[in-house]
Amino acid sequence: MIELNYQSIKPEIIGNENGLNIEKEFENYKDSIHKIIADLNSNKDKPGHKLQWMNLGYNEETIWYVKEYAAMVENRFENILILGLGGSELGGKAVCEALLPPYWNFLSKEQRNNYPRIFFLDNIDPDQMNSILKMLDLKKTLVNVITKSGSTAEVMAQYMIIKDMMEKQLGEDYRKNIIATTDKNIGILKQLADQEGYKTFYIPDDIEGRFSVFSAVGLLPFALVGIDIEEITQGIKDMDLALKNTDINYNIAAQNALIHYLMDTKLGKKISVMMPYSNRLRYIADWYCQLWAESLGKERDNNNNIVNTGQTPVKAIGVTDQHSQIQLYNEGPNDKIITFLRVKEFDTTLEIPNIFEYTGISYLGGKTMNQLIQAEADSTLASLIDYKRPSVTISIPKVTPYYLGQLLYMFEVQTAITGALHNIDAFNQPGVEQSKNYTYALLDRVGYEDSAKELKEKLLIK
Ligand code: PA5
């Protein structure tokens, strides 16, 4: 199992002012945590609680459909192009980047075992889009349009451009090159998919985008590039079993949730830094940032009081950001808790040759890159301790589908528990919806006329 180490938040390590007497806090919050975990598990099947993500590890039907389709299109496409934003994209990208060999899209077909390259179009920059469309042979590209609401302006605009190009280039056959992943009942994409006859995968009800990575949103792209999705779901199931334990002393998601909650509310650590010491996990940090920000950043609590909750999540990459952000973390405001994400065993052991006798670098010869990266993580931790900065370490035995399933599910549960500790709804996103609606108004969508008028006055647009 993955492990959580919280030694470096203890007062005896970083002092009373910044440390937490964690055993005492576990005792203080024992009953609340017990209730939160029991409630999560007893409400997960109830409509409206938005907890269906807790069942995704057990969704045999989706796994079957996804595998069946992936087998059907095997060897048919050179490229997979994912259109999606936020929760419809970040998890898929994070897991693919972690589990596929680095630089996957640059490898030859043989090196990729005949699996396709995969691209995530996560923005609407016209230059970026133009470039990718020029680069990809659309005849050999499978486009997966992912949008839960079925109407997000950015994704629908991307889709409209590509659909038009594909139809012109492929004729009637273009329909075989587009699939849709969306809500079963609502949204324009669902209507279009039915009308056009696209193969469609559904995102179950009661799951918000940022919790949807283990639905077809993520599982389908993973299966298309040959990632073992059953290994992933096994990891989720094993972690789910462990996290059903309502005793905080044995539940790492609850422990990390409470640590972050107290660091934020008691000790003023308003920033949560996610720092993987593995390049393959760099986009897991992006996924975490969305999960943490969108779930916990709330204006009001469940009793409608104004609370403005939420730590600001920040991504930092070990070792890269030791040479950029660590100066601030060590000596700037003591307002952060750092999470080290460490991998015990890398797939590769890379030796540094003993080729120079200069004392400044000869110590490196004969060591491995693996030793170097572990030493760098230890040093960063030690320097943070010197400066009395709190941190926790999450260790993953290896970057495999099984442990990634565990890790991401653990973060989801941790987020849900933190939301409950704040007494907020971790599963809505009114702030995101607000700006989506403003975009519709500014671009003259029917039904948004009043809002458009108001907005144009506010932004001084003629
Ligand atoms: O977590 C969320 O709900 C959001 O980040 C959405 O995933 C994002 O806004 C995209 O929405 P949709 O999938 O409806 O296009």
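Biologist: What makes E167 and K163 a salt bridge?

Modeller: This is a predicted model, and in it the closest N and O atoms of E167 and K163 are 2.9 Å apart. The cut-off for a salt bridge is a side-chain nitrogen of Lys or Arg within 4 Å of a carboxyl oxygen of Asp or Glu, so this pair qualifies. Both residues lie in helix α7, four residues apart, about one turn of the helix.

Biologist: Why is K163 called buried?

Modeller: Buried means under 20% relative accessible area, and K163 has 18%, so K163 counts as buried. Its partner E167 has 31%, which makes E167 partly exposed.

Biologist: How do you know that K140 and E78 form a salt bridge?

Modeller: Their closest N and O atoms are 3.9 Å apart, and the limit is 4 Å, so the pair is counted. This one links distant parts of the chain: K140 sits in the loop between α6 and β4, and E78 in the loop between α4 and β2, 62 residues apart. Both are partly exposed, K140 at 38% and E78 at 34%.

Biologist: Which parts does the salt bridge between K315 and D286 tie together?

Modeller: K315 lies in strand β8 and D286 in helix α12, so the pair ties together parts that are 29 residues apart in sequence. The closest N and O atoms of K315 and D286 are 2.9 Å apart. Elsewhere, R280, E345, D347 and K398 are joined into one network by salt bridges that share partners. The count for the structure comes to 29 salt bridges.

Biologist: Let's turn to the cysteines. How do you know that C96 is in no disulfide?

Modeller: A disulfide needs two cysteine sulfur atoms within 2.5 Å. For C96 the nearest cysteine sulfur, that of C289, is 19 Å away, and the structure holds zero disulfides. Both cysteines are buried, C96 with a relative accessible area of 2% and C289 with 15%.

Biologist: Why is strand β2 described as largely enclosed?

Modeller: Five of its five residues are buried, so the rest of the structure largely encloses β2. Both faces are covered, with N79, L81 and L83 on one side and I80 and I82 on the other.

Biologist: What makes β2 and β3 a pair?

Modeller: Two strands pair if there are at least two bridges between them; β2 and β3 have five, so they pair, in the parallel sense. I80 has I118 as its bridge partner in β3. The chain crosses from β2 through helix α5 to β3, in a right-handed β-α-β crossover. Five bridges also join β2 to β4, and these strands run parallel, with N79 opposite T141.

Key
Residues are numbered from 1 along each chain as its sequence is written. This is a predicted model: local features need pLDDT of at least 70, side-chain atom pairs count only at pLDDT 80 or more; totals for chains, interfaces and linings use all residues. Side-chain values use heavy atoms; hydrogens and water are left out. Buried means under 20% relative accessible area, exposed over 50%, partly exposed in between (1.4 Å probe, protein chains only). A crossover is right-handed if, with the strands pointing away from the viewer, the path from the first strand over the helix to the second runs clockwise.
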